Amino acid sequence: MIGWRSLLLGLATAALAGMPAAAQSIYPLDRAEILLGSKFDFKVEVEGEVPAEAIGVTINGRDAAAVFGKRPVVEVNEEGLGHTAYWIRDTELSAPGAYEVKVTAGNLAKSVRWQVFAAPERRARNVILFIGDGLSMAHRTAARVLAKGLVEGRYGGELAIDDMPHMALVSTSGTDAIVTDSANSMSAYTTGHKSCVNAMGVYCARNKSGLKHPKVETIAELAKRRNAGMAVGVVTNTEIEDATPAGMVAHVRRRSDYDDIVRMFYALAPDVMLGGGSAYFLPKSDKASRRKDEENYLEKFKGLGYSVATTATEMKAAAGNGSGRLLGLFHPSNLDGALDRRILKKGTVAAYPDQPDLAEETQAAIDILARHQNGFLLMVESGLIDKFSHVLDWERAVYDTIMLDNAVAVAKRFAAERDDTLIIVVADHAHPVSIIGTYDDARPGERLRDKLGVYNEAKFPNYPAPDSDGYPPSVDASRRLAFVFAGFPDHCSAGKPFLGGPFKPTEEKDDKAVANESYCTPQATRMEGNLPFAQRQGVHAADDVVLTAMGPGAELFKGRVDNTYVFRVMATALGLGKPGQPAEQTARQN
Ligand SMILES: [Zn+2]
């Protein structure tokens, strides 16, 4: 075994030679913005097996243990991975301002800076955060075209998501990559800390175990801990264990750890939980279960006093009967999208005919949450905008954008009767999508590109007038939007909507994603993918996303901000940034 001294010496030489100090990591990372009094795990990783007495950690010149009021735990050869970990878990900082953290181990030194911000005064009774998963500019434009019409270059009205007084651009990159996923992007909104792909509520340290990484507190946890009696709601049309809803409660390195995520939902107990994913609430022995253990979370939630709903009818009944807590799981997996549920009756609509619409879920959630004495924090996700964009099915993604708009309209009606509710509408990341003209069946020629009109030849699409909820009763117009994807796998495209059910662009052949031949009709064009061969679907984009907002605190949104800033505004509006409250301090002393 190499002694720690020689290892450190080697690393110090490497550092002198200008190599990055990858040997040491400090969590929270450099330039972290930390809410005053919020909980986090402080971790330092040092290369090699280093005895505790050789590691020095100071914060603004004082010993870290004294600053945090807690003794560190040093794990030499943590989880057998060869490094040494210095932990002060579940800690917080009690004064706002600039912090410099310095770590020394032998000849090696590293420092990071943090900014701790206070948010002592509550200005909003309620915060409603809408996430359009993957919602990009072209989805928004297409939703406006379909729902409001476009004549001589002017729209027939405003979308609810656009018609808000405050707007910002939000950058979504994570700590490890320019392009993010829905886990770490949601985590940035719910914790104010950036993280890496697939992680939520944790920094991505070296730990092997997905549950051991350094945790950061979520806004749902803060709302419950800091504002006694405040209610929390989580609403989606995906599996409720999926990254965006899970980001409200979860501390996992791997977003796919659904069994753990359900346990974390149970630990926080959001007062309203509506979505899909019932398979992970049932014990393994139930044939509808996808759990790996015998826990029955439906029964456990009932034990906490929750009403349980499995259909839209049951959900509305529970919302109307005075319930204070509701668990609504309407599908074993993801719900169907608006186009399938309302118009085409495809997907799994025949098997689950009474699924709620996102707008109905939002109304039920608000009805229940508004009964709580100290306001509420509600997250509503239109989650299939992303999933349909991955499979290059833009019509379904846009119908679900219109559905998001209707859900936002519900919240705006609630907020209009009061001036105490902050509403934020934002995407978690973009997709590389764009509208480049129209496909017109009347254009001469056989190939897809013959049908494409650009500039003046595009004219305007001729979708039928929408119904009262903004949905055209048919998407199969003769002159359609040419809505294209900049990143795609091999597939066949006829430039037409998929009336038989969501698109499946690829199939697996010899471990490669190849075009799904059943779509390669004589009218379709074979598109050679421009993504790596392993990608079976379209991918996310690094483009900034648009945020719109209204209500107390919304004026803080302007210009371009990082995704972590969304947390900051919500925490500020709810007054969640205070030093430890007397009750907490007493509890800790005891
Ligand atoms: Zn996605």
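Colleague: Are F42 and W114 buried or exposed?

Modeller: Both F42 and W114 are buried, meaning under 20% relative accessible area, with exposed over 50% and partly exposed in between (1.4 Å probe, protein chains only). This is a predicted model, where local features need pLDDT of at least 70, side-chain atom pairs count only at pLDDT 80 or more, and totals for chains, interfaces and linings use all residues. Residues are numbered from 1 along each chain as its sequence is written, and side-chain values use heavy atoms, leaving out hydrogens and water.

Colleague: Why is the pair of Y27 and Y203 called tilted?

Modeller: Rings of Phe, Tyr and Trp (its six-membered ring) pair if their centres lie within 6.5 Å; planes under 30 degrees apart count as stacked, over 60 as edge-to-face and the rest as tilted. The centres of Y27 and Y203 are 5.8 Å apart and their planes stand at 40°, so this pair is tilted.

Colleague: And what makes F42 and W114 edge-to-face?

Modeller: Their centres are 5.8 Å apart, with 80° between the planes, and an angle over 60 counts as edge-to-face.

Colleague: Which rings join F42 and W114 in a cluster?

Modeller: Ring pairs link them with F40, F68 and Y86.

Colleague: How do you know that K512 sits over the ring of F533?

Modeller: The rule asks for NZ of Lys or CZ of Arg within 6 Å of the ring centre and within 35 degrees of the ring normal. The charged end of K512 is 4.7 Å from the centre of the F533 ring, and sits over that ring. Likewise, K300 lies over the face of Y266, at 5.1 Å from the ring centre.
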